[in-house]
Amino acid sequence: MEDNHSINSSTLINNTQLYGLVSLRVLIGWHLLYEGVSKLLNPYWSSAAYLLDSKWIFSSLAKAIVSNPTLLTITDYINMWGLTICGLCLLLGIFSRYGALGGMVLIALYYLFAPPFIGLEYARPGEGSYIIVNKNIIEVLALFVLYHFPTSHLIGLDRLLFGSKK
Amino acid sequence: MKELQPMNDESKNNQEIKRREFLKSLATIPVFGLFLVNLWIKIRGDAQKRKNLMLDLIQDKEPPAIISSLSDSKHLNIGVIGYGGRGSHLVRGVGFATKGWIDYAYNASKENSLHKAYATFMGQDDLNCSLVGVCDLFDVNADLALDASQNDIRPGGKPKNTAVRYKHYSEMLKQDHIDAVIVATPDHWHSRITIDAAKAGKHVYCEKGLTRTFDEAIDVYDTMKKTGMILQLGHQNRQVEANDKAKQIIDQGLLGPVNLVELTTNRNSPWGAWVWTIHKDGNQKTIDWDTFQEPSPNKIPFSQEALKRFFRWRCWYDYGTGLSGDLFSHDYDQLNQIIGMGIPKYASSSGGIYFYKDGRDVPDVWHVTLEYPDRDMTVLYSATLSSNNSRGNRVMGHDATMILGGQSNAGGVGGFRVVADRESTQYRERIEKGIINTKYPIYNYSPGSKQIDGVTSATSQYFANKGLLYAYRDGKRVDPTHLHIKDWLDAIREGGQPKCNVDVAFEEAVTCAMATESYLTGRRVEWDPVKRRLI
């Protein structure tokens with residue numbers, strides 16, 4: 001892990017910043033963890049419905065995944081376990097930069113497979129009103145911030161593993 | 001203890017730093033704990049809800065397994081009489097497709113990876129059969145059937161025997177080496193061919209509706225019983241897992257008393273209204289028109305009108321019964337499979353030709369009321385050929401309603417859902433406690449929901465919603481037509497009766513005949529089960 005940009009006690013202007021970043025990390029971790037766990041607990045969950053409704057540049061890739069049971073199963077596992085593991089990393093502050101990176105990739109894919117662009121109509125009902133910007137892309141950016149301002153070596157299990165000066 | 005091991009200031013400081021280090025490392029653990037507690041509450045709550053819902057009430061039985069191939073048992077020689085659209089599908093169910101169809105399905109799967117027809121066909125069990133006899137009054141179709149019998153791109157590879165064409169079905173029935181025949185002619189030929197075939201010692205797979213008239217139904221029933229030959233009627237819904245599940249739910253009384261059932265057909269395309277293509281090669285030389293119209297009450301000389309009637313026969317009572325034999329029969333049989341209500345005491349029907357004013361004499365909007373006073377139940381059937389508004393089929397109980405097909409189809413095919421009634425007696429306590437929410441289904445069945453296929457056309461979607469296109473066995477998509485053929489062949493080989501045997505076929509035929517009779521005579525028709533006649 002590169003730590004040129006890491007916040008440490010000397011670069012922190014105040015603790016409020018640290019607590020803000022840690023809270024953001026914990027909340028996103030909670031969100032991803034539950035997204036993953038709820039899928040793991042539901043034997044009928046599949047990414048197929050989401051993929052079939054995919055629009056824009058990845059729609060043919062989505063179709064190819066759905067039409068191949070092996071690929072679909074792999075995709076399902078990547079999502080279920082990927083979200084669970086990234087969620088745990090962020091929440092507990094363990095390898096949390098990897099967690100942020102993984103979460104960023106997953107959520108960016110959700111965005112790219114179904115972006116809220118003008119003219120793209122989706123079959124599933126939306127839970128909000130979006131034009132270009134939706135909560136996914138905001139969460140991606142939040143994870144981008146967390147990746148570049150890691151906090152787990154200050155508050156989190158990484159501190160125990162690698163020490164705060166890491 | 002402290003006095004025995006006194007700490008100096010420095011070590012105290014170190015200890016304090018370590019303690020703080022440790023606390024900071026574990027600072028988010030309580031949040032994780034909170035997460036786990038909430039997760040546990042959620043899981044426990046869901047489990048409790050599920051326990052109180054139907055999932056637990058339904059004694060889950062194993063899904064029907066894929067019956068292993070009987071390919072090492074007796075090889076069967078099959079003949080097909082009538083190789084049109086449906087006939088060719090049935091023959092694919094046996095395992096034979098034309099080169100043209102293989103090319104079409106293969107290319108379609110290359111263009112669209114969600115097009116599964118080719119994979120589904122090639123994935124079928126080899127049923128250890130040969131297609132040895134072909135009979136069709138249209139030369140083009142007969143040639144296609146011969147082509148299919150020779151094609152070795154099929155499950156099981158090179159066919160053992162290939163087909164011979166017979167100009168008339170009676171010639172085919174004389175062939176000793178033919179074990180069984182598939183009858184997929186227009187309805188006006190069904191009873192005669194079925195009866196002659198059974199008398200000639202051939203087992204019969206006959207397309208629905210079984211017969212065109214009531215008298216024919218009696219004759220077919222009596223002949224099959226007398227000869228002991230095995231009849232399978234072409235209601236492939238009998239192979240659909242969802243219908244077995246639905247039956248389980250109803251058998252356990254989870255809907256409460258059912259006094260009303262609504263069945264619907266909703267189509268809105270010329271194809272769906274039987275305005276089928278008149279083949280460009282169809283003419284007096286390629287079509288045996290005289291034989292075609294031999295059993296029909298009214299006869300016309302060969303002409304443009306005759307050509308229309310030959311290819312769009314469902315539009316005339318001379319050859320079929322319109323909605324009755326084509327679509328009402330399916331919905332009736334599905335309900336009969338689930339509820340087992342049999343032949344009604346009374347049937348009345350009405351409708352008209354309101355949209356397709358193309359010279360047909362069968363209605364395009366048509367409704368039937370079936371009365372079952374012994375069961376305290378009415379079955380309503382309502383059909384339109386000029387609206388796709390999918391109304392689904394509803395089994396309406398005092399405690400809950402089961403919605404099959406149509407709008408109940410949430411992602412899967414051939415699924416259904418059950419919604420509790422807010423005035424239910426059986427569920428009152430659970431509704432009051434908030435365990436059952438009448439806004440949401442208490443049971444949802446979407447087979448194959450983890451396996452998606454590209455059902456695109458509106459008509460395909462219509463059949464898929466009714467569970468007629470695909471069935472699921474162990475999550476694998478199979479064509480119920482193939483399963484239905486296999487069920488018939490298994491019964492031939494092993495003894496026993498297939499799922500849509502002569503008894504239920506007779507119920508279908510009599511019920512459809514009652515509904516048709518009521519429409520044509522404008523009066524309510526009564527079934528006399530003792531004297532086996534219509535009053």
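# Close-up views of a predicted two-chain model

**View 1. B:Leu483, a buried leucine in a helix.** B:Leu483 is buried, with 24 other C-beta atoms within 10 Å. Keep in mind for this view and the others that the model is predicted. The cut-off for calling a residue buried is 20 or more such neighbours, so B:Leu483 makes it with its 24. The helix that holds B:Leu483 is α17 of chain B, running over residues 480-494. If you also pick B:Phe214 in this view, you'll find it 269 residues away along the chain, with 29 Å between the two C-alpha atoms.

**View 2. Chain B and its two domains.** Here we pull back to take in chain B, which has 18 helices and 18 strands. Of its 535 residues, 46% are buried. Look at contacts with a separation of 6 or more in chain B, and 73% of them link residues 24 or more positions apart. The chain is divided into domain 1, residues 76-237, and domain 2, which is put together from 239-276 and 322-534. Taken over C-alpha atoms, the centres of domain 1 and domain 2 of chain B sit 25 Å apart.

**View 3. Where domain 1 of chain B touches domain 2.** On the domain 1 side 36 residues take part in this contact, and on the domain 2 side 43. Which elements give two or more residues to the domain 1 side? They are the helices α4 (85-94) and α10 (214-227), plus the strands β5 (203-206) and β6 (231-233), all of chain B. The largest share comes from α10(B), which puts in six residues. Sorted by class, the side of domain 1 that touches domain 2 has 17 nonpolar residues, 14 polar ones and five charged ones.

**View 4. α9 packed against α10 in chain B.** This view stays with α10(B) and brings in its partner α9(B), which covers residues 187-199. The two axes come within 9 Å and cross at roughly 15 degrees. Angles under 35 degrees count as roughly parallel, so α9(B) and α10(B) fall in that class. Their crossing is left-handed. From α9(B), the contact uses B:Ser191, B:Thr194, B:Ile195, B:Ala198 and B:Lys199. Across from them, α10(B) brings B:Glu216, B:Asp219, B:Val220, B:Thr223, B:Met224 and B:Thr227. Put into classes, the residues of this contact come out as four nonpolar, four polar and three charged.

**View 5. A cis peptide bond ahead of α10 in chain B.** What is the state of the peptide bond from B:Lys208 to B:Gly209, and what is its omega? The bond is cis, and omega is near -15 degrees. B:Gly209 is in the loop between β5 and α10 of chain B. Both of those elements turned up in View 3, on the side of domain 1 that touches domain 2.

**View 6. Chain A against chain B.** The contact between the chains takes 24 residues from chain A and 17 residues from chain B. On the chain A side, the elements giving two or more residues are α1 (15-41), α2 (48-52), α3 (59-67), α4 (69-92) and α7. α1(A) gives the most, with five residues. By class, this side has 18 nonpolar residues, four polar and two charged.

**View 7. A:Leu160 in α7 of chain A.** Zooming in on one of the helices from the last view, we find A:Leu160 in α7 of chain A, which spans residues 157-162. Is A:Leu160 buried or partly exposed? It is partly exposed, because the 17 other C-beta atoms within 10 Å fall short of the 20 that a buried residue needs. For scale, the C-alpha atom of A:Leu160 is 17 Å from that of A:Tyr98, a residue 62 positions away along the chain.

**View 8. Two tryptophans with positive phi.** A:Trp56 has a phi near 75 degrees, a positive value in a residue other than glycine. A:Trp56 sits in the loop between α2 and α3 of chain A, and counts as partly exposed with 13 C-beta neighbours inside 10 Å. Over in chain B, B:Trp274 is not a glycine either, and its phi is positive too, at about 70 degrees. B:Trp274 belongs to the loop between β7 (258-266) and α12 (289-293) of chain B. With 23 C-beta neighbours inside 10 Å, B:Trp274 counts as buried.

Conventions:
Residues numbered from 1 in each chain as written. Chains lettered and ligands numbered in written order. Predicted model: local features only at pLDDT ≥ 70, side-chain atom pairs only at ≥ 80, totals over all residues. Helix = DSSP H or I, 4+ residues; strand = E, 2+ residues; numbered from the N terminus. Buried ≥ 20, exposed ≤ 12 C-beta atoms within 10 Å, placed from the backbone. Contact = placed C-beta atoms within 7 Å. Domains from an automatic or database assignment. Nonpolar A, V, L, I, M, F, W, Y, C, P; charged D, E, K, R; others polar. Axes fitted to C-alpha atoms, helices over the stretch in contact; angles between N-to-C directions. Parallel < 35°, antiparallel > 145°, perpendicular 65-115°, else oblique. Left-handed = near helix turned anticlockwise from the far one by under 90°.
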